Each structure stands twice: as C-alpha cells, then as structure tokens.
Number of protein chains: 2
Amino acid sequence: MGRWEPDARGRLEQAALELYAAQGFDQTTVAEIASHAGLTERTFFRHFADKREVLFGGGALADGLAAAVDAAPESQPPLDAVIAALESLSDFFEERHTHAQRRQKVIAANPSLQERELIKLASLSTAMAGALRRRGVTEPAASLAAETGVAVFKVAFERWLDDARKRTLAQHIRESLDELRTVTAVPRRSTKRA
Amino acid sequence: MGRWEPDARGRLEQAALELYAAQGFDQTTVAEIASHAGLTERTFFRHFADKREVLFGGGALADGLAAAVDAAPESQPPLDAVIAALESLSDFFEERHTHAQRRQKVIAANPSLQERELIKLASLSTAMAGALRRRGVTEPAASLAAETGVAVFKVAFERWLDDARKRTLAQHIRESLDELRTVTAVPRRSTKRA
C-alpha cells in the first residue's frame with residue numbers, strides 16, 4: 001500500500017551502498033539509509049528484510065536464472081543451458097560496473113556480508129539445478145552442472161570487476177568456461193596410468 | 001593452561017551434536033554443552049569460538065587440504081591434485097558416517113549453520129587455490145580447479161551420507177568427478193555449430 005514512491009528500491013540500494021562505502025556497514029542504520037534516500041524506514045522494510053539484504057536484491061536473480069534454464073532449447077546440454085542463463089545477466093551488470101565494484105568493496109570488508117554472498121550464490125545453484133531436473137537431467141549431473149556454472153560465474157565476475165580492458169562479463173564467462181574445460185579435461189598422461 | 005582434559009575437543013563435539021539433535025540448535029547453550037561433556041564453559045571457549053564452530057572443526061581441514069596439494073607430485077594436473085587431496089579425507093569420514101549424518105540433519109534444520117557450512121567449503125577452496133598457485137598454476141585455472149573440486153566433493157559427500165549401499169566417500173568422489181567430466185566435455189553437436 002503506502003504512497004507511490006518512484007523506484008524506491010533502486011534509491012534505497014544506492015543510498016545504502018553510498019553510506020556503507022563512506023562510513024562502514026556496521027556503522028550504518030536502516031534509519032540513515034531511508035533518510036538518505038528520502039524515504040521512511042517502513043518503506044525500507046517493505047522492500048528488504050534487513051540491512052544486509054539491500055545489497056543482494058532478493059530472490060529475483062535466482063528466479064530469472066531458473067526461468068532461463070527452463071526456456072533453454074530442449075537439446076541444449078545441461079552445462080550449456082546453465083552458462084547461457086548466466087550470460088543473460090551480462091547486459092544487466094554491464095550498466096552497473098561501478099556500482100558492482102563499490103558493492104564488492106563493501107562486501108570484502110565485512111565477513112557477514114561475505115556469508116550472505118555465498119548463500120546467494122548457493123541459492124542460484126540450487127535454483128538452476130532444480131530447473132535442470134525439470135528438464136529431465138538426473139542427479140548428480142544436474143547439481144554438478146549448476147555448481148560448476150556458478151563457479152565459472154564467480155571467477156568470471158571477479159575478473160570482470162578488475163578488468164581494465166573492459167571486456168564484457170559475457171566474454172569473461174566464456175573465457176572461464178574454456179579454462180574450466182581445459183582444467184577438467186582428462187589429462188593425457190592418465191590414459192597411460194589406466 | 002587448565003587441567004589436562006583427555007580429548008576435551010571430541011567430547012565437546014559429541015555433546016553438542018547430541019544436544020542439538022535432541023532439543024534443537026537454538027535451544028542449546030554453551031553451558032549445557034560443557035556440562036553434558038563434564039567440562040567447563042571456559043574449556044569450551046578454549047577450543048571453539050562459538051556454538052556454531054563446534055560443528056565445523058576449526059581450520060584444520062583447510063590446512064590439511066592445502067598441505068596435501070603442496071605435497072602432490074609436481075607433474076600432477078591441478079584438478080587431480082585437488083581431488084587427491086579431498087580423497088585423502090575419506091578414511092577420516094568413513095569412521096564417522098553416523099556422526100556425519102546426524103551433523104547434517106542439525107545443519108539442514110538451521111539457516112545460520114548452513115551459512116557457516118558454505119563459508120567452510122569456500123575456505124577449503126581458497127586454501128587449495130592458494131596451494132595450486134604456489135605450484136605455479138596461474139589464475140583463473142587455480143581458482144576453477146579448486147572451486148570445481150569442492151563442488152565435486154559437496155555432491156559426493158551428500159550422496160555418501162544417503163548411501164545405503166555403503167560405498168566409500170572416495171568412491172563417491174571418483175564417480176562425481178567422472179560425472180563432472182561428462183558434464184563439462186564439449187558437447188559433440190557444438191563442433192557443428194562452431
């Protein structure tokens with residue numbers, strides 16, 4: 001209900017990130033974030049469960065990824081469907097490179113935020129594994145494809161944040177996937193051992 | 001300092017798990033755990049930082065895995081070194097199958113313990129990636145091999161916990177690795193697309 005507040009969510013995210021970066025996560029209250037955004041605490045809690053959650057955007061990402069895996073061509077192998085879903089996030093992040101860099105700095109400075117970040121990544125993996133099972137992929141292939149895809153994404157995302165050459169997130173995902181395939185290929189010498 | 005308390009650590013772990021399973025994690029105090037183990041709270045805090053940590057065994061696991069990767073044959077490919085390190089945990093866990101099952105039930109019932117579990121798994125990956133870099137493995141291969149190894153371990157561990165056929169953890173790790181290699185192999189049809 002409440003009054004109509006144009007992009008309240010985005011304003012709260014922006015205000016929170018500015019305050020966390022300027023004065024530290026622990027030192028910032030929800031009241032300050034709301035006031036900095038020109039909104040009320042009540043509005044804050046309509047959008048976010050707590051002060052940590054404002055950095056993690058709720059469950060929208062997991063839902064979006066699961067939907068993308070659901071919509072993948074029937075013949076697409078599991079890992080490719082997962083990677084394509086993750087690549088579809090690239091445009092969204094591309095516009096927010098500076099935002100993402102500041103956010104990462106805040107998270108790196110605070111162990112409780114690092115925990116939440118890991119939980120969020122795990123929830124992406126769980127959501128995509130579920131979507132793969134709905135496509136008929138059996139276990140453990142579904143979980144392995146989802147976990148591996150998220151590992152590729154995590155590595156690619158870190159490299160994209162630090163990338164002075166400004167390649168896109170999608171390019172970094174593609175490179176990390178190629179690297180993963182090199183890393184997981186059966187080593188040539190193991191054929192001798194077998 | 002304090003009196004000599006034979007296997008205080010193991011007794012506290014056992015007592016904590018029994019109480020968590022019987023009455024719930026949130027309902028159990030450190031005082032109760034200590035008393036159930038016939039020890040003092042002071043002794044508890046000499047071994048564990050808090051009530052969660054008693055389920056996660058400190059940093060010993062990460063240190064052991066890093067040491068195992070450090071000691072791997074020079075010619076061993078990164079992912080194989082990581083998997084061999086993780087397989088070396090198998091004997092330790094084999095003796096504790098029932099303990100591990102009860103522990104997992106407690107963790108599954110409590111989101112804050114699931115967070116700690118993810119942090120611990122991430123710390124294993126970080127420790128092994130560091131060991132790989134010391135062997136001269138470059139990034140992102142080092143992080144990808146470590147993350148992938150931990151994903152394989154996680155999936156294998158869950159399957160081992162549920163395994164009525166009682167195959168060993170090492171066997172499950174080996175199977176999950178084979179499955180991973182199938183999942184990450186370049187799909188045949190992509191050669192047509194390229």
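These legends describe close-up views of a predicted model with chains A and B.

**View 1. The two chains are related by a two-fold axis.** Two copies of a chain are related by a rotation about an axis and a shift along it. Here chain B superposes on chain A after a rotation of 180 degrees, with 0.0 Å of shift along the axis and an RMSD of 0.0 Å. This is therefore the relation of a two-fold axis.

**View 2. The contact between chain A and chain B takes 27 residues from each chain.** On the side of chain B that touches chain A, the elements giving two or more residues are H5 (78-87), H8 (111-134), H9 (141-161) and H10 (169-184), each a helix of chain B. H9(B) gives the most to this side, with 10 residues. Sorted by class, the side of chain B that touches chain A holds 16 nonpolar, 7 charged and 4 polar residues. Of the interface residues of chain B, 100% are also interface residues in chain A, so the copies meet through the same surface.

**View 3. Chain A is assigned two domains.** Domain 1 covers residues 8-53 and domain 2 covers residues 56-180. Their C-alpha centres are 25 Å apart. Domain 1 of chain A gives 6 residues to the contact between them, and domain 2 of chain A gives 11 residues. On the side of domain 1 that touches domain 2 in chain A, 4 residues are nonpolar, 2 are charged and none is polar.

**View 4. Helix H4 of chain A packs against helix H8 of chain A.** Two packed helices are described by the angle between their axes and the distance between the axes. The axes of H4(A) (residues 60-70) and H8(A) (residues 111-134) come within 8 Å and cross at roughly 25 degrees. Because angles under 35 degrees count as roughly parallel, H4(A) is roughly parallel to H8(A). The crossing of H4(A) with H8(A) is right-handed. From H4(A), the residues in the contact are A:Leu61, A:Ala62, A:Leu65, A:Ala66, A:Val69 and A:Asp70. They meet A:Ser123, A:Leu124, A:Ala127, A:Met128, A:Gly130, A:Ala131, A:Leu132 and A:Arg134 of H8(A). The contact of H4(A) with H8(A) has 10 nonpolar, 2 polar and 2 charged residues.

**View 5. Helix H4 of chain A also packs against helix H5 of chain A.** The axes of H4(A) and H5(A) (residues 78-87) lie 9 Å apart, at an angle of about 130 degrees. The two helices, H4(A) and H5(A), are therefore oblique to each other, and their crossing is right-handed. A:Leu65, A:Ala68 and A:Val69 of H4(A) meet A:Ala81, A:Val82, A:Ala84, A:Ala85 and A:Leu86 of H5(A). The contact of H4(A) with H5(A) consists of 8 nonpolar residues, with no polar and no charged ones.

**View 6. Helix H8 of chain A packs against helix H9 of chain A.** H8(A) and H9(A) (residues 141-161) have axes 8 Å apart and an angle of about 140 degrees between them. H8(A) is therefore oblique to H9(A). H8(A) passes H9(A) in a right-handed crossing. H8(A) contributes A:Leu121, A:Leu124, A:Ser125, A:Met128, A:Ala129, A:Leu132 and A:Arg133 to the contact. H9(A) contributes A:Ala142, A:Ser143, A:Ala145, A:Ala146, A:Glu147, A:Gly149, A:Val150 and A:Lys154. By class, the contact of H8(A) with H9(A) has 9 nonpolar, 3 polar and 3 charged residues.

Definitions and conventions: Residues are numbered from 1 along each chain as its sequence is written. Chains are lettered from A and ligands numbered from 1 in the order in which they are written. This is a predicted model: local features need pLDDT of at least 70, side-chain atom pairs count only at pLDDT 80 or more; totals for chains, interfaces and linings use all residues. Two residues are in contact if their C-beta atoms, placed from the backbone, lie within 7 Å. Helices (H or I, at least four residues) and strands (E, at least two) are DSSP runs, numbered from the N terminus. Ala, Val, Leu, Ile, Met, Phe, Trp, Tyr, Cys and Pro count as nonpolar, Asp, Glu, Lys and Arg as charged, and the others, Gly among them, as polar. Axes are lines fitted to C-alpha atoms, for helices over the stretch in contact, and angles run from 0 to 180 degrees between N-to-C directions. Angles under 35 degrees count as roughly parallel, over 145 as roughly antiparallel, 65 to 115 as roughly perpendicular and the rest as oblique. A crossing is left-handed if the near helix is turned anticlockwise from the far one by less than a right angle, and right-handed if clockwise. Domain bounds come from an automatic or database domain assignment. Copies are superposed by least squares on the C-alpha atoms of residues with pLDDT of at least 70 in both.
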